[in-house]
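Hi,

Here is the structure we talked about, ready for you to open. Have a look at it first, and then read on for what turned up.

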Number of protein chains: 2
Amino acid sequence: MSLSMYEASIPVFLHTLSSLRSILQKGAAHAETKKFDSAVLVSSRLAPDMFPLSRQVQIASDAAKGAAARLTGTEPPKFEDTEKTIDELIARIDKTVDYLKSFSAAQFEGAAERVVNLKTPRGELTFNGLNFLRHWALPNFFFHVTTTYNLLRHNGVEIGKADYLGRP
Amino acid sequence: MSLSMYEASIPVFLHTLSSLRSILQKGAAHAETKKFDSAVLVSSRLAPDMFPLSRQVQIASDAAKGAAARLTGTEPPKFEDTEKTIDELIARIDKTVDYLKSFSAAQFEGAAERVVNLKTPRGELTFNGLNFLRHWALPNFFFHVTTTYNLLRHNGVEIGKADYLGRP
């Protein structure tokens with residue numbers, strides 16, 4: 001009837017980070033087949049004033065690790081945002097996955113009611129943990145994974161929604 | 001400590017459908033200012049073999065109403081997928097919102113354990129309600145809302161992530 005805040009967050013991030021890893025690998029394979037430098041994909045953008053693919057992946061990572069940290073009242077590890085290649089982005093995803101796997105369900109006790117303060121470009125926002133997760137962290141995470149997918153797809157990488165949704 | 005399947009689904013869809021409505025309105029306003037037919041946006045695609053914006057909105061609507069129906073063991077209303085204008089797409093969102101609002105939390109009792117069978121392009125998939133929601137319905141819903149956002153953004157509509165994330 002109900003699910004824990006742990007169940008509503010950590011497995012969701014892990015599932016979709018695994019898909020993100022797999023579509024990036026398909027991007028690298030595509031570049032190899034077509035004999036172009038995959039760094040072109042890493043710096044690609046959907047609009048001149050949107051973030052490039054590298055930043056999309058970094059923010060997806062940050063959204064996931066930031067959510068786990070905030071919901072448990074801990075500090076997330078800081079990653080340096082220096083990734084320039086698909087391999088480095090995949091390593092970033094793997095580090096994020098390791099971090100997420102370090103959490104136990106018990107650490108999420110009381111997470112739905114925890115007060116979360118966020119500094120954002122539009123000022124400081126305050127949520128309870130439940131609203132932070134469902135109206136901020138998850139939408140933000142999926143936004144950046146989907147935008148990565150769209151960037152690859154827009155650039156001719158043969159991926160389909162099954163790659164994004166993964167295995168049930 | 002825990003959230004109900006209702007709380008993990010209906011308010012999430014409602015919150016982000018409201019954002020989707022608002023970014024589509026900004027798309028229509030942009031077309032008016034720039035004096036082009038907003039139908040150009042409605043039929044825009046990020047790749048020749050990706051769905052156009054109209055279909056992205058229709059599938060976001062279907063993902064939301066389909067999830068509510070499947071999690072409660074009911075049948076979703078069938079919408080005809082005939083929308084050709086931004087106004088019609090907004091009306092589709094409004095119909096979806098009305099439908100989602102018709103659900104009560106009590107209808108979601110037992111939803112996490114409910115068996116959900118889905119016919120997909122890769123065969124029939126079986127989930128429990130919890131995995132259906134977190135690994136299929138929500139990712140799929142956010143995918144199509146984000147792709148709509150990316151299509152508008154790619155075509156010069158001045159929207160930012162605050163429009164997508166909405167108010168907490």
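A word on naming before anything else: the helices and strands below are DSSP runs, numbered from the N terminus, with a helix needing at least four residues and a strand at least two. Also keep in mind that this is a predicted model.

With that naming, S19(A) goes into helix α1 of chain A. Buried or exposed, then, for S19(A)? It comes out as buried, because its relative accessible area is 5% and the cut-off for buried is under 20%. Once you set aside the neighbours within four places in sequence, the contacts of S19(A) are with D163(A), Y164(A), L165(A) and G166(A).

Over in the other chain, A64(B) belongs to helix α3 of chain B. This alanine is buried too, with a relative accessible area of 0%. Leaving out residues up to four places away in sequence, A64(B) touches F13(B), L17(B), T96(B), L100(B) and F141(B). If you want a distance to check your viewer against, the C-alpha atoms of A64(B) and V42(B) are separated by 20 Å, and the two residues are 22 apart along the chain.

A64(B) also takes part in a helix pair. Packing of two helices is described by the angle between their axes and the distance between the axes. For α3 (residues 53-72) and α4 (residues 86-101) of chain B, the angle is about 5° and the axes are 10 Å apart. So α3(B) is roughly parallel to α4(B), as angles under 35 degrees count that way. Here is who meets whom:

- On the α3(B) side: L53(B), S54(B), V57(B), Q58(B), S61(B), D62(B), A64(B), K65(B), A68(B) and A69(B).
- On the α4(B) side: L89(B), R92(B), I93(B), T96(B), Y99(B) and L100(B).

By class, that contact has nine nonpolar, four polar and three charged residues. T96(B) and L100(B) turn up here in α4(B), and both are also on the list of residues that A64(B) touches.

Now for the empty space, which I guess is what you will want to look at. Rolling a probe the size of a water molecule over the atoms shows where such space is left.

How many cavities of 30 Å³ or more does the structure hold? Just one, and its volume is about 100 Å³. Its lining has 14 residues, and those nearest the centre are L3(A), A8(A), L138(A), A8(B) and L138(B). Helix α5 (129-154) of chain A and α5 (129-154) of chain B each supply at least two residues of that lining. By class, the cavity lining has twelve nonpolar, no polar and two charged residues.

Then there are the pockets. The largest has a volume of about 980 Å³, and the second largest has about 720 Å³ of space. Both draw on the two chains:

| | Largest pocket | Second largest pocket |
|---|---|---|
| Lining residues | 35 | 31 |
| Nearest the centre | K161(A), I59(B), P121(B), W136(B), N140(B) | I59(A), W136(A), N140(A), H144(A), K161(B) |
| At least two residues each from | α5 and α6 (161-165) of chain A; α3, β2 (115-120) and α5 of chain B | α3 (53-72), β2 (115-120) and α5 of chain A; α5 and α6 (161-165) of chain B |
| Largest share | α3(B), nine residues | α3(A), nine residues |
| Classes | 18 nonpolar, six polar, eleven charged | 16 nonpolar, six polar, nine charged |

In the largest pocket, then, K161(A) lies among the residues nearest the centre, and in the second largest pocket K161(B) does.

Last, two spots in the backbone of chain A. Most residues other than glycine have a negative phi. K35(A) is not a glycine, yet has a positive phi of about 55°. You will find K35(A) in the loop between α1 (10-34) and α2 (39-42) of chain A, where it is exposed, with a relative accessible area of 75%. D81(A) is not a glycine either, and has a positive phi of about 60°. D81(A) sits in the loop between α3 and α4 (86-101) of chain A. With a relative accessible area of 30%, D81(A) is partly exposed.

Cheers

Note on methods: Residues numbered from 1 in each chain as written. Chains lettered and ligands numbered in written order. Predicted model: local features only at pLDDT ≥ 70, side-chain atom pairs only at ≥ 80, totals over all residues. Heavy atoms only, no water. 1 Å grid on protein atoms, 1.4 Å probe; cavity = no way out; pocket = protein on both sides within 12 Å on 5 of 7 lines; lining within 4 Å. Points joined across faces, edges and corners; volume = space filled by probe spheres on them. Nonpolar A, V, L, I, M, F, W, Y, C, P; charged D, E, K, R; others polar. Axes fitted to C-alpha atoms, helices over the stretch in contact; angles between N-to-C directions. Parallel < 35°, antiparallel > 145°, perpendicular 65-115°, else oblique. Contact = heavy atoms within 4.5 Å. Buried < 20%, exposed > 50% of the residue type's maximum accessible area, 1.4 Å probe, protein only.
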